[in-house]
Amino acid sequence: ARRAQMMDNPMPKGRPYRSRGGTFSTRNLAITAIVFANLLVGTLLYQAWRSRLQHNPESQMVHLSAERRVLMKRMEQWNEKVQTSLVASRLEPIQITGVATHGVVSLSNSAGSGEGQCDPPDPNPIYRMRPKEEVAKEFPELAEKLRQHSKNNEIMLALANGVMICQNKTTCWWGGGNILGSFLTILDHANITNYLIGVMDDEAEAYLKAREKPVNWFRVNIKVPEVQKKSHPANQVSVIKYTLLKTFLQLGYNTLISDMDLVYVQNPFDHLHRDADVEIQSDGFDETAYGLTDGIRDPSMGWGGGGLFLRTFTTNVGCMWAKSNARTFKLMVQVSDHLAAHPGWDQQIFNDYLMHPAHGDHLFSFAHLRVMDIDHWVNSKIFFKSRREQYLPGAKSTAPKPVLVHFNYHSNKHERMLCVMDRYLFGNVSACDHMPIKS
């Protein structure tokens with residue numbers, strides 16, 4: 001009742017509320033008021049429901065609906081007063097959604113981007129997402145492709161050029177084999193339909209057009225940065241993904257970036273948690289994949305000779321789900337801008353911006369990270385070496401069925417792709433038994 005009285009008599013315009021702990025801004029008080037109001041509504045609804053259930057089960061929904069309308073009207077009045085107070089204080093209005101349906105409050109700035117996001121706009125304009133309508137007008141064909149082929153606002157993005165077809169074995173450095181063709185077969189078997197392949201050259205475009213079954217593709221018209229043109233061919237393709245991701249994210253699509261040197265045994269979209277900004281595979285093969293607290297001891301320091309530090313293996317951008325929001329967008333801008341100005345391996349640069357805390361001139365993106373389970377999102381070192389006894393021989397395997405196997409640790413990628421495809425997609429359990437540990 002006291003909280004209700006406070007909300008019925010809002011503070012004077014622009015005047016902060018002072019408590020024992022210091023000063024509450026108008027915005028903080030407004031958010032607190034809304035949260036308490038939702039708790040009050042949820043409590044009253046629950047008590048009303050229990051009362052009707054005990055005394056008159058048949059008519060409980062009718063009475064509850066009437067009381068819900070009264071409480072909703074009360075919430076609208078409180079909301080109006082809070083918004084008036086915010087506007088008078090020259091603060092951004094707060095949108096309230098889902099208040100009386102499930103007792104859940106979702107707060108977001110009207111000027112912000114991203115569902116349920118409370119972060120203020122970044123002070124640096126280059127890190128701010130543009131409205132998706134504006135981006136769609138700039139890239140109408142891509143926007144339409146995404147609309148057609150996405151599912152639940154999610155899309156898989158893979159990049160391909162003629163090298164991936166390997167017509168000329170001197171240009172494909174993995175020992176031969178049509179990785180692009182195998183990747184398309186894998187998509188079919190895993191029932192992955194919400195994908196787009198970004199085509200980098202005429203050879204790859206002609207190959208996809210000639211396929212009997214239609215393929216979801218679009219032509220990429222982004223040039224490799226000059227500073228990257230002397231880097232590894234795979235890196236030259238990979239640096240393009242961050243520029244594309246900026247567009248995909250601004251158009252509102254959560255995007256699963258995928259290399260092609262991997263086998264999806266199951267549909268990856270069925271195994272994502274979606275509780276972080278970036279959900280990504282690890283190159284780790286033990287507990288350091290998730291981060292390990294380690295220690296040092298310097299006897300020369302005596303009592304103060306101990307210290308703790310973290311050891312965390314780098315993540316692999318060849319399998320990464322990115323949520324469409326301002327934090328993830330900032331991360332992609334940071335990486336793409338760095339790669340446009342400085343030579344370097346894109347995966348190392350990405351991990352620098354994702355994991356290193358802010359210091360000096362280095363800015364943190366604030367993107368939240370989830371590392372994928374290494375026993376389900378398996379890299380080839382786990383499969384063929386560190387946990388080999390769990391996977392091989394196939395007839396005696398004790399390992400869980402993987403979501404994917406990624407051949408990031410081996411150069412004879414296509415040969416190992418084929419054996420994993422044969423084992424998991426076509427039922428030949430011993431197909432990989434002969435494979436050695438190293439390439």
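Start by selecting Cys166 and Cys172: the two form a disulfide, with their sulfur atoms 1.7 Å apart. A disulfide here is a pair of cysteine sulfur atoms within 2.5 Å. In general terms, such a link is a covalent bond between the sulfur atoms of two cysteines. Cys166 has 10% relative accessibility and therefore counts as buried, and Cys172 is buried too, at 3%. The cut-offs are these: buried means under 20% relative accessible area, exposed means over 50%, and partly exposed is in between, with a 1.4 Å probe and protein chains only.

Before moving on, keep in mind that this is a predicted model, in which local features need pLDDT of at least 70, side-chain atom pairs count only at pLDDT 80 or more, and totals for chains, interfaces and linings use all residues. Residues are numbered from 1 along each chain as its sequence is written, and side-chain values use heavy atoms, leaving out hydrogens and water.

**Next stop: the other disulfide**

How many disulfides does a search of the whole structure find? It finds two, so select Cys419 and Cys432 next, whose torsion about the S-S bond is about 100 degrees, making the disulfide right-handed. Their S to S distance is 2.1 Å. This pair links distant parts of the chain: Cys419 is in helix α15 (residues 413-424), while Cys432 is in the segment after α15, 13 residues apart. Both Cys419 and Cys432 are buried. With the bonded cysteines of the protein chain numbered in sequence order, the pairing reads 1-2, 3-4. You can also select Cys319, which is buried at a relative accessible area of 0%.

**Zoom out: the whole chain**

Switch to a cartoon view. The protein chain has 15 helices and 16 strands; helices (H or I, at least four residues) and strands (E, at least two) are DSSP runs, numbered from the N terminus. Of its 439 residues, 44% count as buried. The chain exposes about 23400 Å², and carbon and sulfur atoms supply 53% of that area; accessible areas come from the Shrake-Rupley method with a 1.4 Å probe, and for residues only the protein chains shown count as cover. Among contacts with a separation of 6 or more, 69% come from residues 24 or more positions apart, where contact means heavy atoms within 4.5 Å.

**The sheet**

Now colour seven strands in the order β7-β6-β5-β8-β13-β10-β14: they form an open sheet with mixed pairing. Two strands pair if DSSP finds at least two bridges between them. Which strands stand at the edges? They are β7 (217-219) and β14 (369-371); each has a single partner strand, so one side of each is left without a neighbour in the sheet. Ignoring direction, neighbouring strands of this sheet are turned by 30 degrees against each other on average.

Follow the β14 edge inward to strand β10 (residues 278-282), which is joined to β14 by three bridges, the two running parallel. Here Glu279 stands opposite Arg370 in β14. For a helix, pick α8 (residues 202-210), which packs on the sheet and touches β5 (154-160), β6 (195-199) and β7; its direction makes about 150 degrees with that of β7. Axes are lines fitted to C-alpha atoms, for helices over the stretch in contact, and angles run from 0 to 180 degrees between N-to-C directions.

**Ser282, in strand β10**

Select Ser282, which lies in β10 and counts as buried at 1% relative accessibility. Its side chain reaches the backbone nitrogen of Gly284 at 2.8 Å. This is a polar contact: a pair of N or O atoms within 3.5 Å, where within protein one must be able to donate a hydrogen and the other to accept it, and residues adjacent in sequence count only if both atoms are side-chain atoms. Leaving aside neighbours within four places in sequence, Ser282 is in contact with residues including Phe313, Asn316, Val371 and Asn379. Add Asp373 to the selection: Ser282 and Asp373 are 91 residues apart in sequence, yet 8.3 Å apart C-alpha to C-alpha.

**Thr255, in strand β8**

Move to Thr255 in β8 (residues 254-258). Is Thr255 buried or exposed? Thr255 is buried, with a relative accessible area of 0%. The Thr255 side chain reaches the backbone oxygen of Tyr253 at 3.1 Å. Beyond four places in sequence, the contacts of Thr255 include Ile155, Leu157, Phe248, Met320 and Trp321.

**Last stop: Ile349**

Finish on helix α12 (residues 346-355), where Ile349 has its place. Ile349 counts as buried at 8% relative accessibility. Not counting residues up to four places away in sequence, Ile349 touches Val335, His338 and Leu339.
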